[in-house]
Amino acid sequence: SKTRHFKWEVEYMYWSPDCMEGVVMGINGQFPGPTIRAVAGDTIVVELTNRLHTEGVVIHWHGIRQFGTPWADGTASISQCAINPGETFIYRYKVDKAGTYFYHGHYGMQRSAGLYGSLVVEVGEGQKEPFHYDGEFNLLLSDWWHKGSQEQEVALSSKPFRWIGEPQTLLINGRGQYNCSLAAHVTNSSSPQCQFRGNEQCSPQILHVQPHKTYRLRVSSTTALASLNLQIGNHKMVMVEADGNYIQPVAVDDLDIYSGESYSVLIHTDQDPSKNYWISVSVRGREPKTPQGLTILNYQTTSASKLPTSTPPVSPLWNDYNHSKSFSNKILALMGSPKPPTTYNRRIILLNTQNTINGFTKWAINNISLTLPPTPYLGAIKHRLSNAFDQKSPPENFPNDYDVMKPPTNTNSTYGNGVYMLEFRTTVDVILQNANALATGVSEIHPWHLHGHDFWVLGYGEGKFREKDAKRFNLKNPPLRNTAVIFPFGWTALRFVADNPGVWAFHCHIEPHLHMGMGVVFAEGVHLVKDVPNHALACGLTGKMLMSNYSHH
Ligand SMILES: O=C1O[C@H]([C@@H](O)CO)C(O)=C1O
């Protein structure tokens, strides 16, 4: 195995992700940031220099479990202090499992600002994937607003609350079209046909293929808000990987992908080779106000500039949740994958609600809206700094008489930053319980992402979770994942083993929702954590502690 070194500088820069100029957060002058390619077992070293001038930065390596390096997880206030302007922080971690991953900012709303890129881990030398393909492509999906992330943050934190609304554009590998449409010639869109020379920042990245071959498409979503549906005109997709874990191959016409998820699909280029085909991305789960994102699958037997003569694929209706549920239920572990323990040691039920606190609009978990403390938990717990965060354990459940099908009768919740302390190596079940939001009859999709672990998705259900529902858990072939969705008015059951010493965020991957408090913090085996670089803890109470240690020597 190799050590792969990277020197990165994060900066704000002018860019035109959707043909309209705005400000993005880029890395080494690129948007999205550079793709990291590595082999399972490699060590990645990223020397990250903050060139933002007026704000800190961190980068989270989404899906990488960080065994032995919890300080490199890149979550501000949890695993480290934000890196100050002008400073360089060195992330060093092992990528132990082949798969499709990505990385992104995890401080404030920097992911919404465009701080993200792909991370692809190939199987180790002498290893083989359990499927064959001739070539591969990487599609990193995101959503884009014309209002900058700073203003979005102010809007969400204002009284009265101002919602950010739907994205202006969907981006594929950081490229979308706001003021023109690739499909203008076949749709009655009001936008003109796009005219590209090919070198524009917003010109679509075309996928060039040969006929009669099999291609692997690695698809990840780092959207701030949108749930997406991806289709390829005339081509079926066979799903083979989810979040860095192999799944039972399953053929689908369209792929639902929520923020924080990644998939690999295989396509066979068995269609008319004198034509090109649409690749389309659409919004699902919220009433779409954003045009489809488009690019082209080009059979190299024909000109890449030849646009498909049919209309782009139409996605399932945004609120056809039966379609979404049947899709999610098709995802099962590949035979031979690790199975979950058959019993659990602790069950934590997490009720997701939309609330108000002093007139501000928030999200809360068991009636606590997460506000991150100034001292990173990893250092605070390791060094037993009891003033650093709420020492009271957050609730494991919610009141029995709470009606998840109705808006809260009392909309008030409170701020908190307590930690669920997990016994090292125990099995934890989490039941994510959705509920009605503030408006009557409204319940939204929330994709929950766990840091530091994969979990088994034991099942999804409707309404309020009841003890008898546990009888229907899939313990035979549940998929291992790091992100799972809760459907409106439903619940999702997860199981994981708390075997990774560190402090780990577990949160809704919708950026504004996390910012509004929709997350919790888990910690396990922190006394076993070694070699935390001082630089990771040089803020808050751990910063003071380091200073006084220094002056005593
Ligand atoms: O957090 C959210 O706020 C709005 C809406 O509930 C209130 O404007 C919305 O759609 C969200 O997902």
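**Domains, sheets and ligand shell of a predicted model**

Student: How many residues of domain 1 are in contact with how many residues of domain 3?

Tutor: This is a predicted model, in which local features need pLDDT of at least 70, side-chain atom pairs count only at pLDDT 80 or more, and totals for chains, interfaces and linings use all residues. Residues are numbered from 1 along each chain as its sequence is written. Two residues are in contact if their C-beta atoms, placed from the backbone, lie within 7 Å. On that criterion, domain 1 contributes 17 residues and domain 3 contributes 25 residues.

Student: Which classes make up the side of domain 1 that touches domain 3?

Tutor: Ala, Val, Leu, Ile, Met, Phe, Trp, Tyr, Cys and Pro count as nonpolar, Asp, Glu, Lys and Arg as charged, and the others, Gly among them, as polar. The side of domain 1 that touches domain 3 then has seven nonpolar, seven polar and three charged residues.

Student: What distance separates the centres of domain 1 and domain 3?

Tutor: The bounds, from an automatic or database domain assignment, are 3-122 for domain 1, 135-329 for domain 2 and 346-540 for domain 3. Taken over C-alpha atoms, the centres of domain 1 and domain 3 are separated by 24 Å.

Student: Why is the protein chain described as being as compact as a globular protein of its length?

Tutor: The globule rule is 2.2 Å times the number of residues to the power 0.38, and the radius of gyration is taken over C-alpha atoms. For 553 residues the rule gives 24 Å, and the protein chain is as compact as a globular protein of that length because its radius of gyration is close to this, at 23 Å.

Student: Which strands stand at the edges of the open sheet β3-β8-β7-β5?

Tutor: Strands are DSSP runs (E, at least two residues; helices are H or I, at least four), numbered from the N terminus, and two strands pair if DSSP finds at least two bridges between them. The pairing in this four-strand sheet is mixed. Each edge strand has a single partner, so one side of each is left without a neighbour in the sheet: these are β3 (36-39) and β5 (59-62).

Student: Which residue in β32 stands opposite Ala505?

Tutor: Strands β31 (residues 502-508) and β32 (residues 519-524) are antiparallel and share six bridges. In β32, the residue opposite Ala505 is Val521.

Student: Which residues are around the ligand?

Tutor: A residue is near a molecule if its C-beta atom, placed from the backbone, lies within 6 Å of it. The shell comprises two nonpolar residues, one polar and one charged. Its members are Trp163, Ala437, Glu444 and His513.
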